[in-house]
Amino acid sequence: MVSLGDVQPYLALGQELLKHGHRVRIATHGTFRQFVADAKLEFFDVGGDPQALMSYMVRSAFVSHPFPYSHSFRSERS
């Protein structure tokens, strides 16, 4: 998980599971520790720097071309 938007759905799901008696632990970056604590869920730090990861992904070809073969699907239909 890299951004708060990635974490929030799991916090909501975790809170619902907690209501039904489940033990819930969210594994994410330390940046989000307080959000997890505020949701009354357990936290596990996966380490790393989410900002550095995001910067790497922005610079990588994967982010700029998430579906490198999508053009071949279009040409096959023509």
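**Figure 1. Arg25 in the predicted model, a partly exposed residue of strand S1.** Arg25 has a relative accessible area of 45% and is therefore partly exposed. The model is predicted. Strand S1 spans residues 25–28. Arg25 stands opposite Glu42 in S2. The two side chains also form a salt bridge, with the closest N and O atoms 3.2 Å apart. This pair links distant parts of the chain: Arg25 belongs to strand S1, Glu42 to strand S2, and 17 residues separate them.

**Figure 2. Glu42 and its second partner, Arg23.** Glu42 is partly exposed because its relative accessible area is 31%. Arg23 makes a salt bridge with Glu42, and here the closest N and O atoms are 2.8 Å apart. Again the contact links distant parts of the chain. Arg23 sits in the loop between H1 and S1, whereas Glu42 is in strand S2, 19 residues apart. Arg23 counts as exposed, because its relative accessibility is 63%. Side chains of opposite charge can pair when their charged atoms come close.

**Figure 3. Arg33 and Asp45, a salt bridge between helix H2 and strand S2.** The side chains of Arg33 and Asp45 meet at 3.7 Å, N to O. Arg33 lies in helix H2 and Asp45 in strand S2, so the salt bridge ties together parts that are twelve residues apart in sequence. Arg33 is partly exposed, because its relative accessibility is 42%. Asp45 has a relative accessible area of 34%, so Asp45 is partly exposed too. Elsewhere, salt bridges that share partners join Arg23, Arg25 and Glu42 into one network. The count for the model comes to four salt bridges.

**Figure 4. Strands S1 and S2 with the helix H2 crossover.** S1 (residues 25–28) and S2 (residues 42–45) run parallel. Four bridges join them. Between the strands, the chain passes through helix H2 (residues 33–38). This β-α-β crossover is right-handed. The side chains of S1 alternate. Ile26 and Thr28 point to one face and are buried. Arg25 and Ala27 point to the other face and are not buried. In a regular strand the side chains alternate between the two faces of the sheet.

**Figure 5. Ala37 of helix H2 and Ile26 of strand S1.** Ala37 is found in helix H2. Its relative accessibility is 37%, so Ala37 counts as partly exposed. Ile26 is one of the buried residues of S1. Ala37 and Ile26 are eleven residues apart in sequence. In space, the C-alpha to C-alpha distance between them is 9.8 Å.

**Figure 6. A nonpolar surface patch that includes Leu17.** Tyr10, Leu13 and Leu17 form this patch on the surface. Together they have about 280 Å² of accessible area. Leu17 lies in helix H1, which covers residues 4–19. Leu17 counts as partly exposed, because its relative accessibility is 33%. Residues enter a patch only with over 30% relative accessible area and no salt bridge.

**Figure 7. The chain as a whole, with confidence by element.** The chain holds five helices and two strands. Read along the sequence, the pattern is α-β-α-β-α-α-α. Of the 78 residues in the chain, 19% are buried. The mean pLDDT of the chain is 82, and 74% of the residues reach 70 or more. Among the elements, S2 has the highest mean pLDDT, at 97. Helix H5 (residues 70–77) has the lowest, at 50. Where pLDDT is low, the predicted coordinates should not be read in detail.

Conventions:
Residues are numbered from 1 along each chain as its sequence is written. This is a predicted model: local features need pLDDT of at least 70, side-chain atom pairs count only at pLDDT 80 or more; totals for chains, interfaces and linings use all residues. Side-chain values use heavy atoms; hydrogens and water are left out. Patches are made of residues with over 30% relative accessible area and no salt bridge: like charges are joined within 9 Å, nonpolar side chains (Val, Leu, Ile, Met, Phe, Trp, Tyr) within 5 Å. Accessible areas come from the Shrake-Rupley method with a 1.4 Å probe; for residues, only the protein chains shown count as cover. Buried means under 20% relative accessible area, exposed over 50%, partly exposed in between (1.4 Å probe, protein chains only). Two strands pair if DSSP finds at least two bridges between them. A crossover is right-handed if, with the strands pointing away from the viewer, the path from the first strand over the helix to the second runs clockwise. pLDDT is the predictor's confidence in each residue, from 0 to 100.
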